[in-house]
Amino acid sequence: MGKRKGSYSSFVFDPMVHFSERDMQFSGHPDCDNISATSSSLVEVKPNIPDDEVGLSLEEDDDGKNCMGTNDSPTDGGETDQTNYTLEGKAILPADQKSEDAGDADRFKPKKKRPTWYDVFVCHSPEYRTSSCLWKSLIWIKIAVILTAYLLCIYFIVVSIGATHQASLVQQNLPAVQVALYDNMNEGPVCAFDNKGRNSNITTFVDKDSAHEAGFLILHCGACAACSTWDNLIVEYVTRDTMAKHASKCARDSLLSSQGNDAITECLMQPHIGFDEQCAVCWMEDIVCTKKHCTFIFLQSQMINQVSNFAVGPEDITSATCEEAHCEVGQFVPCSGATRRRMNITSSIARPGEQQCGIVDVDDLWGEILLG
């Protein structure tokens with residue numbers, strides 16, 4: 001092949017060089033014998049247009065055919081023949097011509113260059129493609145560890161922000177809760193019984209004096225409600241050190257159940273707890289309320305290994321404190337009636353003395369009365 005004239009771009013994008021230069025592929029074709037070495041000047045290059053968009057224009061030769069085989073000379077009928085021909089003299093149909101033009105465009109179209117950000121993905125790098133399977137596995141393990149670390153950091157940040165917000169709401173609500181639940185706990189209605197064992201009559205009196213005048217013993221401060229039945233009182237006493245953990249487990253198990261809140265109710269009615277349905281519903285509503293308002297505080301307690309801390313007080317913002325600040329007044333206490341602090345039973349949730357009912361007649365005789 002002869003020495004190439006001009007630039008590489010002109011060789012690639014100027015089809016005339018294949019016909020005009022000596023010893024090129026089509027230089028001896030009879031239809032293109034009249035093309036001189038200056039035919040490259042017939043290519044019209046638009047200013048400021050890249051090489052791949054250069055427009056090509058061909059002029060006719062003396063016989064009425066251009067070097068691509070187009071015959072524009074009038075036919076015998078006086079009309080111009082617009083038929084295209086191949087170099088062998090075969091007619092090219094319009095569809096074939098279009099396909100051929102498209103093929104030429106694809107052939108001369110430069111490959112797209114990958115953007116810079118594409119190299120960020122390790123799987124597209126040359127080093128990765130040539131690496132062994134073991135090395136690729138180590139790369140993905142490293143990526144997984146880094147990604148996990150980032151996700152844990154995001155989790156800790158989100159939980160910390162959420163817990164801080166919920167703790168501030170708890171501190172705002174606690175003073176009003178203290179007044180509503182404890183300041184006048186030993187005054188007002190009481191729930192009392194006539195001390196006849198399982199067959200006792202359990203009823204509400206307007207105050208402790210009325211109950212004593214009727215010969216009844218006070219079971220707990222406040223009016224009787226769903227959990228003030230004999231069997232439920234037994235559950236309150238027997239589970240005094242475990243009920244908080246049981247309730248937390250019921251709440252966690254409900255997350256994986258399709259029954260939703262009904263799963264919590266059924267869990268609270270299981271033999272190891274033993275509430276009846278009405279009392280279990282009160283506890284279920286309290287657990288749902290706690291999940292709504294205290295989730296981030298609970299998650300933070302898991303992070304700092306304080307899940308079992310159920311202390312209650314202005315300086316102890318735990319899940320129990322949060323539950324009391326949001327779910328006790330107007331919801332759980334009126335629904336259940338009997339609670340361990342109202343029954344003056346010391347439980348796993350440590351409480352100040354002023355939060356325990358001080359007028360209960362049973363006091364330390366709960367085991368003897370309920371289980372005897």
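Start by selecting Thr 339, which sits in the loop between helix H11 (319-336) and helix H12 (366-371). Keep in mind as you look around that this is a predicted model. Is Thr 339 buried or exposed? Thr 339 has a relative accessible area of 4%, so it counts as buried, the cut-off being under 20%. Now show what surrounds this threonine: setting aside neighbours within four places in sequence, Thr 339 is in contact with Glu 236 and Phe 332.

**The whole protein**

Zoom out for a moment. The secondary structure comes to 12 helices and five strands. Of the 372 residues in the protein, 34% are buried. If you look at contacts with a separation of 6 or more, 56% of them join residues 24 or more positions apart.

**Helix H5**

Next, select residues 133-183, which make up helix H5. This helix has 51 residues and spans 71 Å from its first C-alpha to its last, close to the 75 Å expected at 1.5 Å a residue. Where does H5 bend? Centre your view on Leu 174: the helix bends there by about 35°, and a proline, Pro 175, follows within four residues. Leu 174 is also one of the buried residues of H5, a list that includes Val 159, Gly 162, Ala 163, Val 170 and Tyr 182. To see what the buried residues of H5 pack against, add helix H4 (126-129), helix H10 (277-303) and H11 to your selection.

**A three-stranded sheet**

Move on to the strands. Strands pair through backbone hydrogen bonds, either parallel or antiparallel. Here, three strands form an open sheet in the order S4-S3-S5, with antiparallel pairing. At the edges you will find strand S4 (202-205) and strand S5 (217-221), each pairing on one side only. Neighbouring strands of this sheet are turned by 35° against each other on average, ignoring direction.

Select strand S3 (residues 190-193) together with S4: the two pair in the antiparallel sense over four bridges. Which residue of S4 stands opposite Ala 192? Highlight Thr 203 and you have the partner.

**A pair of helices**

For the last stop, select helix H8 (residues 243-255) and helix H9 (residues 261-268). Their axes come within 8 Å and cross at roughly 145°, and the crossing is right-handed. Display the side chains where these helices meet: on H8, pick Met 243, Cys 250 and Ser 254; on H9, pick Ala 263, Ile 264, Cys 267 and Leu 268.

How values were computed
Residues are numbered from 1 along each chain as its sequence is written. This is a predicted model: local features need pLDDT of at least 70, side-chain atom pairs count only at pLDDT 80 or more; totals for chains, interfaces and linings use all residues. Side-chain values use heavy atoms; hydrogens and water are left out. Buried means under 20% relative accessible area, exposed over 50%, partly exposed in between (1.4 Å probe, protein chains only). Contact means heavy atoms within 4.5 Å. Two strands pair if DSSP finds at least two bridges between them. Axes are lines fitted to C-alpha atoms, for helices over the stretch in contact, and angles run from 0 to 180 degrees between N-to-C directions. The expected span of a helix is 1.5 Å times one less than its number of residues. The bend at a residue is the angle between axes fitted to the seven residues ending there and the seven starting there. A crossing is left-handed if the near helix is turned anticlockwise from the far one by less than a right angle, and right-handed if clockwise.
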